[in-house]
There are 2 protein chains.
Amino acid sequence: MGKNPGPMPDVRPANTRLDEFGLIDRYFRPLATEAGAFGLTDDAALIDGPGRDEIVVSSDMVVEGVHFFPDDTPGSVARKALRVNLSDLAAKGAEPSGYLLSLALPASWTENWVARFCRGLKGDQTTYGLSLLGGDTVRSPWGTMISIVALGRLPRGRAVLRSGARPGDAVFVTGTIGDAALGLLVRRGEISSGEAGRGAGRLVDRYLHPRPRVDLALTLRRHASAALDISDGLWADLAHLCAASGVGADIDVRKIPLSRPALRLVKADGSRLATVITGGDDYEILATVDAKRAARFEREARAARVPVTRIGQIVTGATGPTFFAGEGRKLQLSRTGHTHF
Amino acid sequence: MGKNPGPMPDVRPANTRLDEFGLIDRYFRPLATEAGAFGLTDDAALIDGPGRDEIVVSSDMVVEGVHFFPDDTPGSVARKALRVNLSDLAAKGAEPSGYLLSLALPASWTENWVARFCRGLKGDQTTYGLSLLGGDTVRSPWGTMISIVALGRLPRGRAVLRSGARPGDAVFVTGTIGDAALGLLVRRGEISSGEAGRGAGRLVDRYLHPRPRVDLALTLRRHASAALDISDGLWADLAHLCAASGVGADIDVRKIPLSRPALRLVKADGSRLATVITGGDDYEILATVDAKRAARFEREARAARVPVTRIGQIVTGATGPTFFAGEGRKLQLSRTGHTHF
């Protein structure tokens with residue numbers, strides 16, 4: 001419960017002081033009585049599966065005007081709605097098998113929109129090897145809403161939780177960080193395409209089309225002590241992992257992998273480093289690995305064609321993450337996370 | 001895919017001729033490649049479960065202003081959202097075990113609303129013996145939307161499908177039919193509380209609070225050849241069952257069980273019989289049972305404290321349902337169903 005793809009600026013309700021996490025903590029956590037729900041502290045739930053398998057279940061809703069723009073192409077919306085769930089499954093070490101789709105369409109829906117939406121789903125079904133299992137189609141008096149529940153499988157007891165990080169573990173991320181958050185600024189016109197240069201399209205594409213790291217699932221369940229996917233931002237999600245594991249993490253900011261267009265934008269304006277670290281929507285994997293296994297983890301990730309970068313290590317003390325900018329200098333950021341609620 | 005709780009008058013988009021079923025047929029069915037998805041022709045999907053079990057998965061979304069009124073109490077909204085799913089599971093013969101909740105809340109949400117919503121869920125969790133497994137909380141730029149996926153279990157190969165009805169089978173319904181549809185008319189003021197009399201509250205309650213026939217699950221999977229829950233209306237759902245089974249059904253309208261307040265309203269205005277038969281939101285079970293097992297089915301249902309009434313029989317020929325009003329007179333209705341899309 002909790003994490004979500006999200007593009008728009010936060011609009012916090014004025015009439016309450018509870019944020020999403022407070023709401024979950026106070027009202028929803030007491031309802032999660034099954035052990036496999038992990039008290040809603042993880043990204044997915046586990047239920048008993050066939051033979052020696054467990055079924056991993058992930059649920060994410062995307063809402064027009066909150067998580068996607070009304071003029072995003074239907075295929076992009078479909079892929080984003082599906083992939084944010086596949087990203088959760090991958091982080092737990094599970095391969096996806098199927099999904100349920102609930103789709104609320106406004107009165108102005110067109111058959112053309114639905115046809116293109118379904119083509120987007122079909123393409124991803126082929127890419128990731130899964131089937132639509134069921135769902136629901138309803139009318140929305142407003143905009144489009146899509147709720148997807150994705151199911152994956154893995155051997156019993158092998159799910160990679162948030163809570164397994166231990167002091168001394170190496171901290172890894174996949175791919176590059178911050179592209180989607182910068183892409184959103186380009187999409188919103190807050191960074192001009194001119195300034196973003198030839199990389200602008202790539203950054204926007206990272207925002208529109210998460211790449212779930214499904215190919216890393218097996219490697220993660222072999223070697224990772226803890227993992228989650230980065231949706232709320234590197235800082236916030238590392239804080240979630242540290243809180244669940246009761247540890248701290250020292251991160252070397254200079255090691256955080258940036259794409260070429262992201263690096264150029266950060267060099268031009270250093271304040272964008274905060275966007276990279278807190279912006280969200282990366283849908284890369286953050287994983288901790290016993291230092292003795294780190295080399296094997298890197299080797300297997302490379303064999304799976306998933307780039308991984310070691311950016312720091314887990315330390316003693318439930319202090320959460322500390323980001324070092326070099327020479328022991330701690331990075332001070334004004335925002336520690338991105339919330340999609 | 002398809003069925004849904006729904007109160008408001010249909011508003012069909014003007015720009016298309018496809019209805020919900022056409023949409024599913026053309027665009028979503030081709031995506032349902034897994035056998036357990038039944039080509040989206042059933043109310044739930046089956047996936048492999050532990051040991052000798054299968055897991056039954058049902059998905060239903062309810063939307064403010066479409067499936068519930070903005071001033072319905074949060075507890076009622078919660079119970080309806082959950083119970084329409086439990087009703088699907090029961091019709092398949094499965095006992096519920098858990099659910100995932102995706103909740104989109106408008107900026108005007110209050111902690112009080114959420115607290116009462118969760119109290120509604122908690123009460124039903126206790127009643128029906130299930131746990132929240134996970135989900136997602138997001139912001140809605142408009143009203144409240146709730147998407148629930150419920151999971152249930154049953155022995156492998158024992159799910160009761162829509163497609164198993166055979167000529168000669170007896171047709172049964174649980175409880176009474178039409179209360180919720182008449183209750184909605186009361187709720188909307190189209191039938192005055194005065195006319196509905198002392199039964200008005202009961203009718204509205206039937207509309208607000210479906211009673212999923214969870215206690216009949218075991219009896220259904222022992223004896224029913226086909227079943228579904230009545231959400232789109234007796235006529236439409238019987239037509240779905242007949243279509244999936246390739247059969248017809250002769251129904252004796254005089255045998256359709258009506259509650260006392262419903263009977264009084266129909267006697268006062270015979271046109272309300274159409275509302276009873278086509279109105280939807282009953283969340284009773286429609287089941288077919290081999291005639292030789294009918295007596296045992298009735299006995300076991302009685303032992304499970306679920307009232308069942310035999311209203312007709314399955315006949316040869318894929319002709320769908322025929323409603324007889326007595327002396328071989330066929331009932332002519334102008335609406336054959338209720339759609340919530």
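Helices and strands are taken here as DSSP runs numbered from the N terminus, a helix having at least four residues and a strand at least two. In the predicted model, A:Glu34 falls outside such runs, in the loop that joins helix 1 (20-28) to strand 1 (45-48) of chain A. The relative accessible area of A:Glu34 is 41%, so this residue is partly exposed. Across the chain boundary, A:Glu34 touches B:Ser131 and B:Leu133. Within chain A, the C-alpha atoms of A:Glu34 and A:Ile47 are separated by 9.3 Å, with the two positions 13 residues apart along the chain.

The relation between the two chains was examined next. Two copies of a chain are related by a rotation about an axis and a shift along it. Here, a turn of 180° and a shift of 0.0 Å along the axis lay chain A on chain B with an RMSD of 0.0 Å. This is the relation of a two-fold axis. The C-alpha of chain A nearest the axis belongs to A:Pro50 and lies 2.0 Å from it. Of the interface residues of chain A, 100% are also interface residues in chain B, so the copies meet through the same surface.

Helix 1 of chain B (residues 20-28) has as its buried residues B:Glu20, B:Gly22, B:Leu23, B:Ile24, B:Tyr27 and B:Phe28. These buried residues pack against elements of chain A, namely strand 3 (95-106), helix 3 and strand 4 (131-140).

Helix 3 of chain A (residues 111-128) also has a partner within its own chain, helix 2 (residues 74-91), and the two axes come within 7 Å and cross at roughly 40°. Helix 2 and helix 3 of chain A are therefore oblique to each other, and their crossing is right-handed. On the side of helix 2 of chain A, the contact is formed by A:Pro74, A:Gly75, A:Val77, A:Ala78, A:Arg79, A:Leu82, A:Arg83 and A:Leu86. Helix 3 of chain A contributes A:Trp113, A:Arg116, A:Phe117, A:Gly120, A:Leu121, A:Asp124 and A:Tyr128. By class, this contact between helix 2 and helix 3 of chain A comprises 9 nonpolar, 2 polar and 4 charged residues.

A second pair of helices in chain A was analysed in the same terms. The axes of helix 4 (residues 179-187) and helix 6 (residues 200-208) of chain A come within 7 Å and cross at roughly 110°. Because angles of 65 to 115 degrees count as roughly perpendicular, helix 4 of chain A is placed in that class with respect to helix 6 of chain A. From helix 4 of chain A, the residues that meet helix 6 are A:Asp179, A:Ala180, A:Leu182, A:Gly183, A:Leu184, A:Val186 and A:Arg187. Their counterparts in helix 6 of chain A are A:Ala200, A:Arg202, A:Leu203, A:Val204, A:Arg206 and A:Tyr207. The contact of helix 4 with helix 6 of chain A divides into 8 nonpolar, 1 polar and 4 charged residues.

A:Leu182 of helix 4 of chain A is also touched by A:Arg272, whose other contacts include A:Ile191, A:Glu195, A:Leu265 and A:Val266. A:Arg272 lies in helix 10 of chain A (residues 272-278). The relative accessibility of A:Arg272 is 11%, and this residue therefore counts as buried.

A:Asp232 is placed in the loop between strand 7 (224-229) and helix 8 (234-245) of chain A. With a relative accessibility of 2%, A:Asp232 counts as buried. The C-alpha atoms of A:Asp232 and A:Ile277 are separated by 9.8 Å, and the two residues are 45 residues apart along the chain.

Definitions and conventions. Residues are numbered from 1 along each chain as its sequence is written. Chains are lettered from A and ligands numbered from 1 in the order in which they are written. This is a predicted model: local features need pLDDT of at least 70, side-chain atom pairs count only at pLDDT 80 or more; totals for chains, interfaces and linings use all residues. Side-chain values use heavy atoms; hydrogens and water are left out. Buried means under 20% relative accessible area, exposed over 50%, partly exposed in between (1.4 Å probe, protein chains only). Contact means heavy atoms within 4.5 Å. Axes are lines fitted to C-alpha atoms, for helices over the stretch in contact, and angles run from 0 to 180 degrees between N-to-C directions. Angles under 35 degrees count as roughly parallel, over 145 as roughly antiparallel, 65 to 115 as roughly perpendicular and the rest as oblique. A crossing is left-handed if the near helix is turned anticlockwise from the far one by less than a right angle, and right-handed if clockwise. Ala, Val, Leu, Ile, Met, Phe, Trp, Tyr, Cys and Pro count as nonpolar, Asp, Glu, Lys and Arg as charged, and the others, Gly among them, as polar. Copies are superposed by least squares on the C-alpha atoms of residues with pLDDT of at least 70 in both. Lists of a residue's contacts leave out its neighbours within four places in sequence.
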